[in-house]
Each structure stands twice: as C-alpha cells, then as structure tokens.
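Colleague: Got a minute to go through the labels on this one with me? I'd like to hear the reasoning behind each of them.

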Amino acid sequence: MNRHHVQRAGFILLGAISLIVVMPILLVVGSIVVRGIGAVNWEFLTAMPRDGMKAGGILPAIVGTLLLTLGTALVAIPIGVGGAIYLSEYARDTWLTRTIRLAVINLAGIPSVVYGLFGLGVFVLFLQFGTSILAGSLTLAVMTLPIIISTAEEALRAVPTEFRTVSASLGGTRWQGIRYIVLPQALPGIITGIILGLLRAAGETAPILFTAAAFFLPRLPHSIFDPVMALPYHLYVISTQVPGMPLRVQYGTALVLLTLVLSLNVLAAAIRSRFRRRRQW
Amino acid sequence: MNRFRWSEFLIESLVRIAGFSSIGFVLLIFIFLLREGLPTFSEVPAENLFGTHWYPTFGLFGSLPLILGSLLVTLTAILIALPLGVATAVFVREVAPTWIRELLKPLIEVLAGIPSVVLGFFGMTFIAPLVREVLGAPTGLTAFTGALVLAYMALPTIVSVAEDALDAVPKAYRDAGLAMGATKWQTIWYVVVPAARSGIVTAVMLGMGRAIGETMAVMMVTGNAARMPLTLDSLFRPVRTMTATIAAEMGEVAQGSTHYHALFGIGIFLFLITFVINLTAAATIFKKRRRGGLR
C-alpha cells in the first residue's frame, strides 16, 4: 500500500466519521417530525390541556414559552448590546476590560442548572418575585447575556475603523458615529446574535425549573408574577413524570418545540448569509 | 452645546454600566451560591458530606457517588466525542469539497440548536431501548446512554473550536509540507493537526465544560440511581450526576433545610469546576487570539 492509497483510505475514514456525526442529527429531527406530525393540529396548538394533559392542546405551554422569551429579550437585548458597544467602541485594553471578557466567557460556561439555583436564590426568594414569569425571564436573561455580548461585539468589530474616522472627521461625536454609522452597519450581525441567544433561552428547561415553570396550569397567566407552563418543561413533565402519557402527545410537543427553535435558527442563518452577500466592505 | 455633551456623557455611562454588568452578574451568582450553600459545611460533618451514600431523607449527604457519576458520564462522553469531533473538523476544514462543507456545517449548527430536553426525550424513546436490547441489560437508562447523548451535545462546540484552531495554522506550513513531497494526508497528519494541538485541547476542554454542566438530557437518560460507579460494569448501569440531582430534588425541598443547602453546595462545586475549565480555555485562546477566533 503506497502513500497515495493511505491518503485515500484516510480521507474515506474522515468522511465516514463525519457521516457518523451527522446522521443522528437527521435521525433526531426526522423521527420527531414523522412521529409528531400526526398529533399537531389546530386544536393541539390552541386548546387547553385536558384529561391530565393526555388530551386537548398545549396552548398554555406555547404562550408561556413565548412570554418567557419576550421577557428575556426585553432585559437581555439592551444590556447585551450595550455591553458589546462598550467592549468594542469605548473600552481600552486594561485589566478591567480583560476582567469583563473573562466574566463574559465564564457566564457562558456556567451550567444551566446553576443559573436555576441563582434565579431561585436571587429573584424567587431574596427579591420575593415568587415562581413567576418575571423571575424566569430575568434568570434566562442573565444566561443569554454572554451569547448576545460576544456575537454583537464581533459584529461591531467587523465594521472597518475608517467608518468611525470619517464620521469623526465630519464633526460627529463618538456616539453619533456609533448610532448613525457603526450600529446600522453591524445590525444584521447583532440581530443574528440576539436570535441565537433567544432560541437558546426558549429551549432551556433547567433555569426555569424552580423559577417560573408550572407543572400543570390550564389557563393563561394574568400578570408577570404568575407561574407559567413552558414547552421544554412540559415535554420533560409528560415524558418522565406522567405515567401512561400517549407517545403521540409527547412527540407532538417535541415537534412544536423543535419547530420553534429550528425556525429561529434558520432565520438567523438567513439574515447572516443575506448580509454577507450585500456587504460592500 | 452643553446639553449635547450631557447626552454623550449619559449614553457613555449607560453603555459602561452594561459593559461592567457581566462582572456584577458573575459575582452575584457566586455570592448567592455561597450564601445558600456554605451552611452545608457547618450543618453536615465532612465524613458524611464526602461519604458514599446520598440519601437526604435519612440525613445522608455523601456527594461522592454524584461527583463520580458526573465524572464517569463526562469522561466517557469526551472519549466518544473527541475523535469524532476532531475528525469531522479536519474533514470539513481540510478535505471536503465546498458543497459538502456547506451541507455539514449547517447540520452541526442545527445540532447545537436542538434543546437538551428534546435530545433527552429522543434518548429515552429511541436510544435507551436500543442500548437495552444490544446489552441485554435490565434497563437502557445507563451511564453509557447518557455519555452517548452528551457526546453529541458536546460535538458542536468541539467541532467549531477545533475548526478555528485548524484555520489558525498558517498556510505556509501546508505549503512547506506539500513542497517537500508529502501527500495532503501526510501534511494534515504530521504538520497541520500537531500545529493546532493547543487549540484542539481548548476544544476538548470547552466540550467538557459543556458536558459536565448539562442537565436535562442527562437526567432523562441516565436512570438517576445514586450509587458508587466503582465496578467495571458501572458504565452500563444507572448512574446519577450532580446536575441531575439538583434539578430532580430542588423542587421538593424546604427552603433553608439542610437538603436545600446541600444542593446549593453541589452548585458551588459545579460553578468552580466550570469556572476553572473556562478560565484555562480562555487563557489559551487569549494567548493565540486571532480575529473572530473566539467562539
């Protein structure tokens, strides 16, 4: 076997391993779509659960997840984008700035269940928000923050320095340069980062386990101090905590959650690729 | 004119506060974990705390089975994910034609986006029965099942960081290898991959950080038996991790009880482990920082 045969064998091996990595992804998505599609109909999406969640719909879980994600967005977007603007436009390379970067990296690595403990300790008990949309959204927002900061900073840094110089040479202040020149240029990248952060928040279970999630609550919430059902927690509940749950309902719930998260994923990818094509610098 | 400067100052202050908030949140998380978790160490004697039995209802808070459970599942997951991830990164980066790359990368991104509870659900309904049949074990909910699911959850991180590392290897290295008459494969195997070594180590560490902190999927597929995984067949028996213990038990404990404090104590431990892993990984990344190299 000469070295060219070795190369051929090596490349085939690498390709085969990549296939082993990718096939299960298709299997997961495919099997959930195939087995779940039969359960998803108008009633499933718009009705309250009945018969101990074995029948009816999952409306409160869908609404709960949307509300938690909205709450997360309201808190995490201003702080995250603001932090990114600071790191990219204002911060000099000092030990304090490096500490911020370390903090962001560290926040990104904290286990989701530890965020749950943090939310329970700070928002639910110490600030006495109770198990509520508010406490859950705040917990998810802190978890989402590092994703938004790092992607938004990357997008801001990609804007060439000349753009800022030209703005300053025309008599613009630093903030005017950022507000009217840099931010609009970086916007698609920032939005992509925000979507990626929010889809992570929408799919998480552990952080809301003790801060927001209700086991079974067949009504829509009245205020931000109400607990809610949420899609990921609901899937956990019906697949592990309720005996005799029809598989159809479980797969249906998984499909709705997967569709929500993956469509956000596709949206982020679409914005990114469209932006790359249109960019003139 | 004066009002103008005020608005500049105001905005700069707001942006600065947003920037520094990350430090504030890390401190806040650590302080609250300590506040709720430290009492464990005065309430539970050390030999109990590091004992081999976790039965909170009987006042037994031995954390060793949980720590070893997490270690067993995480290390097995990394052993599976490391070769798969690095090989995939090399294939995508060095070998695959463009159209295959454009196909593989979004798929791996999809994997990163799938919620852990969905993967856990898939593991329960699909992989666990498979494991049971193949092994002939009484249950498919084992440490191995957890490791398998975790491996795939760590893969996107490992592939993307390893790819960045390969990307950072200068083109001149490859050219030199090929110019000396080596095949492309020899250049990859003997030049490019060794040159990307430290980045690959970082990839593995970040993947490990991701795996050890993973909660829902692990809780759903490992069977959750808090037993010491010391025998050889432990990998194919149920096991319980630190994260799953917190998630499963926190809902039912009374605030301020010893059990409550002990669960926060596990939280402190998890926080410190991931803190060290991420800091070490960050140090390597900072050292060889490239534009856009940090993900």
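What follows is a chat about helix packing between chains and about aromatic pairs in this predicted model.

Colleague: Let's start with the helices. Why are α1(A) and α5(B) called oblique to each other?

Modeller: The axes of α1 (residues 3-36) of chain A and α5 (residues 98-113) of chain B come within 10 Å and cross at roughly 55 degrees. Roughly parallel needs an angle under 35 degrees, and roughly perpendicular starts at 65. The crossing fits neither bracket, so the two helices are oblique. The crossing is also left-handed.

Colleague: Which residues make that contact?

Modeller: From α1(A), S18(A), V22(A), I25(A), L26(A) and V29(A); from α5(B), L104(B), L107(B), I108(B), V110(B) and L111(B). By class that gives nine nonpolar, one polar and no charged.

Colleague: And what makes α10(A) roughly parallel to α6(B)?

Modeller: Helix α10 (residues 231-241) of chain A packs against helix α6 (residues 116-135) of chain B at about 20 degrees, with the axes 9 Å apart. Roughly parallel means under 35 degrees, so α10(A) and α6(B) get that label. Here P232(A), L235(A), Y236(A), S239(A) and T240(A) meet V117(B), V118(B), F121(B) and M124(B). The classes come out as seven nonpolar, two polar and no charged.

Colleague: On to the rings. How many aromatic pairs are there over all chains?

Modeller: The count is 16. One of them is Y55(B) with F58(B), at 6.5 Å centre to centre and 80 degrees between the planes.

Colleague: Why is that pair called edge-to-face?

Modeller: The cut-off for edge-to-face is over 60 degrees, and Y55(B) and F58(B) have 80 degrees between their planes.

Colleague: How do you know whether F58(B) is buried or exposed?

Modeller: Exposed means over 50% relative accessible area, and F58(B) has 67%, so F58(B) counts as exposed. Y55(B), at 41%, is partly exposed.

Colleague: What makes the pair of Y260(B) and F264(B) tilted?

Modeller: Their planes are 55 degrees apart, with 5.0 Å centre to centre. Stacked needs under 30 degrees and edge-to-face over 60, so tilted is what remains.

Colleague: Why are Y260(B) and F264(B) separated by about one helical turn?

Modeller: Because they sit four residues apart in helix α13 (residues 258-287) of chain B. Buried means under 20%; Y260(B) has 2% and counts as buried, and F264(B), at 0%, counts as buried too.

Colleague: Which residues do ring pairs link into a cluster?

Modeller: F11(A), W185(B) and W189(B).

Key. Residues numbered from 1 in each chain as written. Chains lettered and ligands numbered in written order. Predicted model: local features only at pLDDT ≥ 70, side-chain atom pairs only at ≥ 80, totals over all residues. Heavy atoms only, no water. Axes fitted to C-alpha atoms, helices over the stretch in contact; angles between N-to-C directions. Parallel < 35°, antiparallel > 145°, perpendicular 65-115°, else oblique. Left-handed = near helix turned anticlockwise from the far one by under 90°. Contact = heavy atoms within 4.5 Å. Nonpolar A, V, L, I, M, F, W, Y, C, P; charged D, E, K, R; others polar. Phe/Tyr/Trp six-rings, centres within 6.5 Å; stacked < 30°, edge-to-face > 60°. Buried < 20%, exposed > 50% of the residue type's maximum accessible area, 1.4 Å probe, protein only.
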